[in-house]
Structure formats: structure tokens, C-alpha cells
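Grab a coffee and open the viewer. Below are a few short exercises, each with a worked solution.

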Amino acid sequence: MSQQLKTPTLIDVRGPRFSATITVIVLAIALATQNAWVLAFQAVVFAIGAIRGPQFTPYAFIFKRIVKPLLRGEAVTEDSRPPQFAQTVGFLFALVGLLGAAIGSVPVFSIAVGFALAAAFLNSVFNYCLGCEMYLLVLRIRSRQ
Amino acid sequence: MTADMHDVAHLHIDAEANLDLVNRLNILSTPTTLILDKSGIEVGRAVGAPKRDEVLAAIASVK
């Protein structure tokens, strides 16, 4: 009935939350300054997280090298796939924002960045990862088709 | 954690590889922990990583 397959990659749950905090700051700067280059930088970070995994982004590197050694308590781990999916969602919003900038549309840029910012804020402040929650639901819908 | 509990079995199931089961049990997000009694009936579930004390309490209530 059920199979026990390959062990999923487990990552420290605090990593994605720390990364979300930096994401909030970067996206807030992009929104406040309406600067497409700042969004482009975040888009590259999202792309790395989406393709290689959330544990390979520059933010995750900072977490591992600087933040994690300062933290106490046991490291609770989680499957890397839901946060990886969340990075993909973030990348898509960043892409829409960049398209908005390309066609000179302030509303498209602002709304797309706003959504990504809101999701990163939820993750950072409330430890609620919207993209992660969507992950299994999306897989379920796909499996029915 | 269940290693020293001879009458409790822990089974890890990969949700992504068992989507039919995920649909059938209506699992909405990972990780979800199901507590089953000895006849396999679901007596509780925890969405998100449950704390150690919560798991111990849930297991104690089943016994």
C-alpha cells in the first residue's frame, strides 16, 4: 500500500525563516524604490532556491555560516521540498514583477512584489510558509488529473 | 523516539510518493502525524511537526 522511498533531504527549519526575513527586506526596498534591479536580484535568489533547493541560496549560506552557529536549542528539520516549491512560487511572482517593469507598468510591478512580500512576511514573522502549504495541495490536484 | 517503546511503531510515509493515500486520508500539508490505535483506527492527527510532549501524551491516551 505505502512505500518507504528515498529519504527526503532534511534542512534546518530556521534556515528558510531566516531567508524569508532577508527576502522581506529586499522586496520592501524593491517596492519602496520601485527598483527593478533589486527585484531582479531577489528573482535570482528565488531561482537558485527553486532549482537547487532553499538550502543553496546566498541567504541560506549566511544562515549556515553566521546565524546558525549563534543559535541554541535542537535543530528541528523539515523536508526541503515544500520550501523549495515556495521558492518557485516566489520566483514566479518576481518574474511577473519584472515583466511589469519591462512594460513600464507600476501597478503590475507593485502588486506582484507586494504579494511576494506578503508571503515572505508571513513566513518570517509568523513562521507560516504559504508556498509550503500550497505544495501538497497542488500535488493532490495534479494527481487527480 | 519510539525506539525505546516496544509497543509503539513509527512509520514514515513519503507524501509525494503516495498521493492516493494523501487524497484518501485528506492530508492537507506536510508533515502530518497520524496517531493510530492498535486496530489501525485514526484517533488523532497533528499538522506540522508535533512537539515531543504532544506525541507522548497522544500515545499515552491510546494505550
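**Exercise 1.** Are Cys129(A) and Cys132(A) buried or exposed?

*Solution.* Keep in mind that this is a predicted model. Start with accessibility: Cys129(A) and Cys132(A) are both buried. Next, check the sulfur atoms, which sit 2.1 Å apart. The cut-off for a disulfide is 2.5 Å, so Cys129(A) and Cys132(A) pass and form one. Count over all chains and you get 1 disulfide in the structure.

**Exercise 2.** Work out the handedness of the disulfide of Cys129(A) and Cys132(A).

*Solution.* Remember what you're looking at: a disulfide is a covalent bond between the sulfur atoms of two cysteines. Now take the torsion about the S-S bond, which comes to about 70 degrees for Cys129(A) and Cys132(A). The disulfide is therefore right-handed.

**Exercise 3.** Describe the surroundings of Asp79(A), beginning with its place in chain A.

*Solution.* First, locate the residue: Asp79(A) belongs to strand 2, which covers residues 77–79 of chain A. Second, look at accessibility. Asp79(A) has 19% relative accessibility, so it counts as buried; the cut-off is under 20%. Third, list the neighbours. Leaving out residues up to four places away in sequence, Asp79(A) touches Pro8(A), Thr9(A) and Leu10(A). Finally, check the side chain: that of Asp79(A) makes a polar contact with the side chain of Arg81(A) at 2.6 Å.

**Exercise 4.** Follow Arg81(A) across to chain B: which residue does its side chain meet in a salt bridge?

*Solution.* The partner is Glu16(B), with an N to O distance of 3.2 Å. That's within the 4 Å cut-off for a salt bridge. Across the interface of chain A and chain B, the rule finds 2 salt bridges. Widen the search to polar contacts and you get 8 residue pairs between the two chains, both residues at pLDDT 80 or more.

**Exercise 5.** Which elements of chain A give two or more residues to the side that touches chain B?

*Solution.* They are helix 4 (81–102) and helix 6 (130–144) of chain A. Helix 6 gives the most, with 8 residues. Sort this side of chain A by class and you find 8 nonpolar, 4 polar and 4 charged residues.

**Exercise 6.** How many residues are in contact between chain A and chain B, and what area is buried?

*Solution.* Begin with the contacts: 16 residues of chain A meet 18 residues of chain B. Then take the area, about 1,600 Å² buried between the two chains. Carbon and sulfur atoms give 51% of that area.

Methods. Residues are numbered from 1 along each chain as its sequence is written. Chains are lettered from A and ligands numbered from 1 in the order in which they are written. Side-chain values use heavy atoms; hydrogens and water are left out. Helices (H or I, at least four residues) and strands (E, at least two) are DSSP runs, numbered from the N terminus. Buried means under 20% relative accessible area, exposed over 50%, partly exposed in between (1.4 Å probe, protein chains only). A polar contact is a pair of N or O atoms within 3.5 Å; within protein, one must be able to donate a hydrogen and the other to accept it, and residues adjacent in sequence count only if both atoms are side-chain atoms. Contact means heavy atoms within 4.5 Å. Buried area is the accessible area (1.4 Å probe) that two parts lose on being put together, summed over both. Ala, Val, Leu, Ile, Met, Phe, Trp, Tyr, Cys and Pro count as nonpolar, Asp, Glu, Lys and Arg as charged, and the others, Gly among them, as polar.
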